[in-house]
Amino acid sequence: MRKAIYITFIVTILIAACQPNSPTRQDGKKTVVVTYSILGALVKDMLGDRANVIVLIPNGQDPHAWEPSAKDIESLMKADLVVRNGLALESSLEKTLSLAAAAGVKSFVASDHITVRKVGQGGGISNAGSEQNVGASDPHLWTDPLTIKQVMVAFSNQIKADLGLDLSTQAQDLASQLDSLNTEIIALVDHMPEGNRKLVTGHESLGYFADRYAFKLVGAIIPSLNSQAEVSAADLAALKTLIQENQVKAIFSEVGTPKAISDAIGKETGVKVVELSTHILPSDGSYFTFMRDLAQTIVKNLL
Ligand SMILES: [Zn+2]
């Protein structure tokens, strides 16, 4: 029943969006709808005021747990271009995105333009005992500035082809800023003893960061790429052993990490629990501040 209502609703919006007399924006600018706030920050950096940018998932919300509203679906159906992460980050939007694509709404999928990280054998969430995660595609591509650079260069090409906006100068500026950010993080991480570069996180969200800056993924409280997955007593027991064996200096909890569980693991292992922002933009809305804060928090707590 719910499904039938949903489909009727989508079809109604679809028809409305396709009407020739549907309202157009007064300013004549194109509208780019971005699903996720962190990608949205970069899209805004590149587009400036040359297009209207709408971000769907409110900053501060766990993207893995988000559900679209009727207004979000309407925005998507009316977009000139939809920008999304891909790799199941926006799993609740899949149906709407397919309908939008069928209606001719253009889309840019960030993960189509990078080397996708796969969960590795013998590290991170595959340490939880089961090998079911090995080979799974990791959606957290924003935790590496050079992966994001590839995304934004591809985005500038697509926006030229799809919307006729030439952003090559902005793309070059953004690419060089991302290179500088990478250099800055390398310098920061260089202060750390190599043996301390070990990560335990709320879920496995820092794989791209770990690959770029040579950190070892020890394990995750929720042994999944998705913060909403289940965790068993056996998983937690295995994680406690790994934390002790690896002499991990800090446990990083994130959005979506159950506080009672992270606190209990911290207490039982005697390791401090530190809140780390991996999915939420800081108050200035900048990707660059986000990455600096992330790297500084990690380095400071693992020294
Ligand atoms: Zn995540």
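Two strands are taken as paired if DSSP finds at least two bridges between them. In the predicted model described here, three bridges join strand E1 to strand E3, and the two strands run parallel. The pair therefore meets the criterion of at least two bridges. Within this pairing, valine 34 stands opposite valine 83 in E3.

The other pairings of E1 and E3 extend this arrangement into a sheet. Strand E1 (residues 31-34) is joined to E2 by four bridges, again with the strands running parallel. Valine 33 has isoleucine 54 in E2 as its bridge partner. Four bridges also join E3 to E4, which run parallel, and here the bridge partner of valine 83 in E4 is phenylalanine 108. Valine 83 thus has valine 34 opposite and phenylalanine 108 as a bridge partner in E4. The resulting open sheet has four strands in the order E2-E1-E3-E4, with parallel pairing. Its edge strands are E2 (52-55) and E4, each of which pairs on one side only. Neighbouring strands of the sheet are turned against each other by 20° on average, with direction ignored.

The side chains of strand E3 (residues 81-84) were examined for direction and burial. Leu81 and Val83 point one way from the strand, whereas Val82 and Arg84 point the other way. All of these residues are buried.

The metal site consists of a zinc ion coordinated through NE2 atoms of His64, His140, His203 and His279, at 1.9 to 2.1 Å. The angles subtended by the four donor atoms are 103 to 118°, so the arrangement is tetrahedral. The assignment requires all angles to lie between 85 and 135 degrees. For reference, the ideal angle for four tetrahedral donors is 109.5 degrees. Along the sequence, the donor residues follow the spacing H-x75-H-x62-H-x75-H. Histidine 140 is located in the loop between strand E4 (106-109) and helix H5 (145-163), and histidine 203 in the loop between strand E5 (198-201) and helix H7 (207-213); the pair therefore ties together parts that are 63 residues apart in sequence. Histidine 140 has a relative accessibility of 0% and so counts as buried. Histidine 203 is likewise buried, with a relative accessibility of 0%.

Among the helices, H4 (residues 94-102) contains the buried residues Thr96, Leu97 and Ala100. These residues lie on the same side of H4, because they cover an arc of only 100° around the axis. Just after H4, glycine 104 adopts a positive phi of about 95°. Helix H2 (residues 37-47) includes leucine 47, which is buried at a relative accessible area of 1%. The C-alpha atoms of leucine 47 and proline 282 are 20 Å apart in space, while the two residues are 235 residues apart in sequence.

Side chains of opposite charge can pair when their charged atoms come close. A search of the whole structure finds 10 salt bridges. One of them connects the side chains of lysine 78 and glutamate 74, with an N to O distance of 3.0 Å. Both residues belong to helix H3 (residues 70-78) and are four residues apart, about one turn of the helix. Lysine 78 is partly exposed at a relative accessible area of 39%, and glutamate 74 is partly exposed at 34%.

A second salt bridge joins the side chains of glutamate 268 and lysine 240 at 2.2 Å, N to O. This pair links distant parts of the chain, with glutamate 268 in helix H9 (residues 259-269) and lysine 240 in helix H8 (residues 233-245), 28 residues apart. Glutamate 268 has a relative accessibility of 48% and counts as partly exposed; lysine 240 is partly exposed, with a relative accessible area of 23%.

Helix H9 also holds aspartate 263 and lysine 259, whose side chains form a salt bridge with an N to O distance of 2.6 Å. Because they are four residues apart in the helix, about one helical turn separates them. Aspartate 263 is partly exposed, with a relative accessible area of 34%, whereas lysine 259 is exposed, with a relative accessible area of 58%. Elsewhere, Arg117, Asp138, Glu204 and Asp211 are joined into one network by salt bridges that share partners.

How values were computed. Residues are numbered from 1 along each chain as its sequence is written. This is a predicted model: local features need pLDDT of at least 70, side-chain atom pairs count only at pLDDT 80 or more; totals for chains, interfaces and linings use all residues. Side-chain values use heavy atoms; hydrogens and water are left out. Donors are N, O and S atoms within 2.8 Å of the metal (3.2 Å for Na, K and Ca); water is not among the atoms, so sites may look incomplete. Four donors count as tetrahedral if all angles lie between 85 and 135 degrees; four count as square planar and six as octahedral if opposite donors are over 155 degrees apart and all others between 65 and 115; anything else is irregular. Buried means under 20% relative accessible area, exposed over 50%, partly exposed in between (1.4 Å probe, protein chains only). Axes are lines fitted to C-alpha atoms, for helices over the stretch in contact, and angles run from 0 to 180 degrees between N-to-C directions. A salt bridge is a side-chain nitrogen of Lys or Arg within 4 Å of a carboxyl oxygen of Asp or Glu. The arc is that of the directions from the helix axis to the C-beta atoms.
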